[in-house]
Amino acid sequence: MTQTEQAVVRPNIRVVLAGLMIAMMLAMLDNMIVSTALPRIVGEFGGLNHFTWVVTAYVLGTTVSTPIWGKLGDLYGRKTVFITSIVIFLIGSALCGMAGSPMFGGTKDGMIQLIVFRAVQGLGAGGLMVGVMAIIGDLVPPRERGRYQGMMAGIMAIAMVAGPLVGGFITDNLSWRWAFYVNLPLGGIALLVLITRMHLPKYRTEHRIDWLGAALLSIGITAIVLITTWGGNEYAWGSAQILGLTVLAVLSLVAFGLVERRVAEPILPLNLFANRNFAVISVVGFLLGFAMFGAMNFLPLFQQTVQGASATNSGLLLLPLMFGMLVVSIIAGRAITKTGKYRIFPIIGGVAMTAGMALLMMIDVHTSKTVLSLYMVVLGVGMGFLMQTSMLIAQNSVEQKDLGAASGAATFFRSIGGSFGISLFGAIFADRLHDSLSSKLGTQAADQLSGGGGGGIDPAKLGELPANVREAVLGGLADSISGVFGWAVFFAAAVAVLAWFIKEIPLRGTNDPTGETPEEQAETALANAPVH
C-alpha cells in the first residue's frame, strides 16, 4: 500500500471500529442499566411475581438467537445481517420504553408488554454481540485480531461499571423509560457509521436456511434457559415442569443433531467440533461462563449486605475486577499481535482465575474492602487472559466461510454456561444460607429470612435487626457466598486443565506472502472489499 492509500484507509478502520464499539456497548450496557430501573418499573406496573422475566426474556432472546445470527451472517453477508440486528434491537428498545403507555392501553398489561418487548430487544442483542466479533474476524487477520478484541473486552468492562451508574441517574432524574430510549441516539450513530463506512469482503455461499434446525435449536435452548431459571426457584428440581422441560430439551437437541448431519447449510455445523481446538475451546467457554458469571453474581451481594456498601454504587464496587480484566485484555491482545502465540494465555488465565476463586473462598465477615478488591483484581486478571483469547482461538480454528457460525457458537456456549452457573450456585447459596440460619436461629426464622435464596434479606434493613439475629445473618451470608466461590474453584481449575490441550496453530496472516504487516492486511481488506 502507498502512503497515500494508508492515509485514506487508516481513518476508515478507526471509524468502523468506533461504530462496532457503540454496538457492543448497546448490547452490554442495556441489561446493567435496566437492572437499576426494575424497582421503579414494578412500582408503576405491579406484577412483582413476574418482574424477573424482564431480565429472563432478554437473556432468552439473546441466547436463542446468537447461533442463528452467526449463521445468517455467513449466508447473506455480515453487514446486512448486523445492521438488521441493530434495527431490531432499537425497535425493541423503543417498544420497551412505550410499554404500559396510553398508546398500548395504559399500565394494566404494562408488565406483560415489557416482557414481550424485552424478548424482541434480546433477539437483536444476540446479533450485536456475535456480529461485532465476526466482523472483526472479516476485517482483521487473526494475528492482529487480539488487539481489537482486547478493546472490545474493555468495552464490556466499562459497560459493567457504567451501567448501574447511568441507570441510577436516569431512574432518579428522568423516567425509567429513558433506560430504553437512551439506546436510540447511540444506535442511530452506530447505524450511520456502519452503513456509510463499513465495507466487508463478500463470500459466495448457497442461500439455504436450515429452518427446521433453527426451530429445534431454539426449542432446546429455550427449555434449557427455563430449566436454569425456574429450577429451585419457581419449581422444585424434581417437579413435573422441570422434568418435562428436561425431556423437551433432550429430545429437541437430539433431533437437532440428526437434522444438522443431513442439511446442506446447517445452523451450527457439527463438523466444526471435529477440530480439536474448536471443541476444546467450546468446553472452555462453557466452563468460563459457568464459573465467571455464576460466581460474579454474588460479589455485589457480599459487598452490599456483609460490608454494608450502597446499592447505588454497585457498578463502582466491581472496578477492581474490571480493571484487572481490562488491562490484561489489552496487554494479551498486543502480545498476540506481536508474537503470533496464544496458547499460553488461556492456561495462565485458567490458573489466575482459579487463584482468584480460591482467594474469594476465604472471605468472611471480617474481610476488608481493600482485601476483597485485591482478590477481585486476581480474578479479573484471569478473565482478561481468557475472555477474548477464547474467541480468537475459536475463529482461528475454522474456515472463513464458517466464521459467523464459530463466533455464534463461542458466544452461545459461554452464555449457556453462565445460565447453568447462576442456577447451580444460586441453589448452593440458598441451601448453605438456610442451613446456617437454621443452626443459629431455628428453622422457622431461617425460612423467613432466607426465603427465595436470600430474597427475604433486605440490605437496607439489616441494621434494624436485633444484634444476635444480625450477627447470624451476616455470618450466614458470608459463609454461603464463600462456599459458592469454593465450588467455582473446581470449574475454574477445569478451564486451566483443558487449556493444556489447545494446539498452537499458526494464526492466519502471520506469514503472508504479500509481505504486508497484519495491520496493513486489515487495511487492504477494508479498502478492497466490495460494498454490500
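**Helix packing and buried sites in a predicted model**

The backbone oxygen of Thr62 lies 3.3 Å from a polar atom of the Ser65 side chain. Ser65 itself sits in helix H2, which spans residues 52-76. The model in which this pair is found is predicted. Ser65 has a relative accessible area of 5% and is therefore buried. Beyond four places in sequence, Ser65 touches Gly122, Leu123 and Gly126.

The overall fold is described next. The chain contains 19 helices and 0 strands. Of its 532 residues, 56% are buried. Contacts with a sequence separation of 6 or more were also examined. Residues 24 or more positions apart account for 84% of them.

The largest nonpolar core holds 143 residues. Leu20, Met24, Ile41, Phe82, Met353, Met357 and Met383 have the most contacts inside this core. Helix H1, residues 3-45, supplies the largest share of the core, with 17 residues. Met383 is in contact with Met292, Met296, Leu321, Met325 and Met353, once neighbours within four places in sequence are set aside. Met353 thus appears both as a contact of Met383 and among the core residues with the most contacts.

Leu114 is placed in helix H4, residues 110-139. Its relative accessibility is 0%, so Leu114 counts as buried. With residues up to four places away left out, Leu114 touches Ile41, Val54, Cys96, Ala99 and Phe180. One of these partners, Ile41, is also listed among the core residues with the most contacts. Another partner, Ala99, is 15 residues from Leu114 in sequence. The C-alpha atoms of Leu114 and Ala99 are 5.4 Å apart.

Two helices toward the other end of the numbering were then considered. Helix H16 covers residues 403-441, and helix H18 covers residues 467-499. Their axes are 8 Å apart, and the packing angle is about 145 degrees. The crossing of H16 past H18 is right-handed. Residues of this contact comprise 16 nonpolar, 5 polar and 3 charged.

Ile502 lies in the loop between H18 and helix H19, the latter spanning 518-528. Despite this loop position, Ile502 is buried, because its relative accessibility is 2% and the cut-off is under 20%. Setting aside neighbours within four places in sequence, Ile502 is in contact with Asn277, Val280, Ile281, Tyr342, Arg343, Pro346 and Ile393. Pro346 is 156 residues away from Ile502 along the chain. The C-alpha atoms of this pair are separated by 8.9 Å.

A second loop residue was examined. Thr367 occupies the loop between helix H14 (344-360) and helix H15 (369-396). At 14% relative accessibility, Thr367 falls under the 20% cut-off and so counts as buried. A polar atom of the Thr367 side chain lies 2.9 Å from the backbone nitrogen of Asp364. Outside the window of four places in sequence, Thr367 touches Phe302, Gln307, Met362 and Leu372.

Ser65 and Thr367 can be set side by side. Ser65 is in a helix, whereas Thr367 is in a loop. The Ser65 side chain is paired with a backbone oxygen, that of Thr62. The Thr367 side chain is paired with a backbone nitrogen, that of Asp364.

How values were computed. Residues are numbered from 1 along each chain as its sequence is written. This is a predicted model: local features need pLDDT of at least 70, side-chain atom pairs count only at pLDDT 80 or more; totals for chains, interfaces and linings use all residues. Side-chain values use heavy atoms; hydrogens and water are left out. Axes are lines fitted to C-alpha atoms, for helices over the stretch in contact, and angles run from 0 to 180 degrees between N-to-C directions. Helices (H or I, at least four residues) and strands (E, at least two) are DSSP runs, numbered from the N terminus. A crossing is left-handed if the near helix is turned anticlockwise from the far one by less than a right angle, and right-handed if clockwise. Ala, Val, Leu, Ile, Met, Phe, Trp, Tyr, Cys and Pro count as nonpolar, Asp, Glu, Lys and Arg as charged, and the others, Gly among them, as polar. Buried means under 20% relative accessible area, exposed over 50%, partly exposed in between (1.4 Å probe, protein chains only). A polar contact is a pair of N or O atoms within 3.5 Å; within protein, one must be able to donate a hydrogen and the other to accept it, and residues adjacent in sequence count only if both atoms are side-chain atoms. Contact means heavy atoms within 4.5 Å. A nonpolar core is a set of buried Ala, Val, Leu, Ile, Met, Phe, Trp, Tyr and Cys residues joined through side-chain atoms within 4.5 Å.
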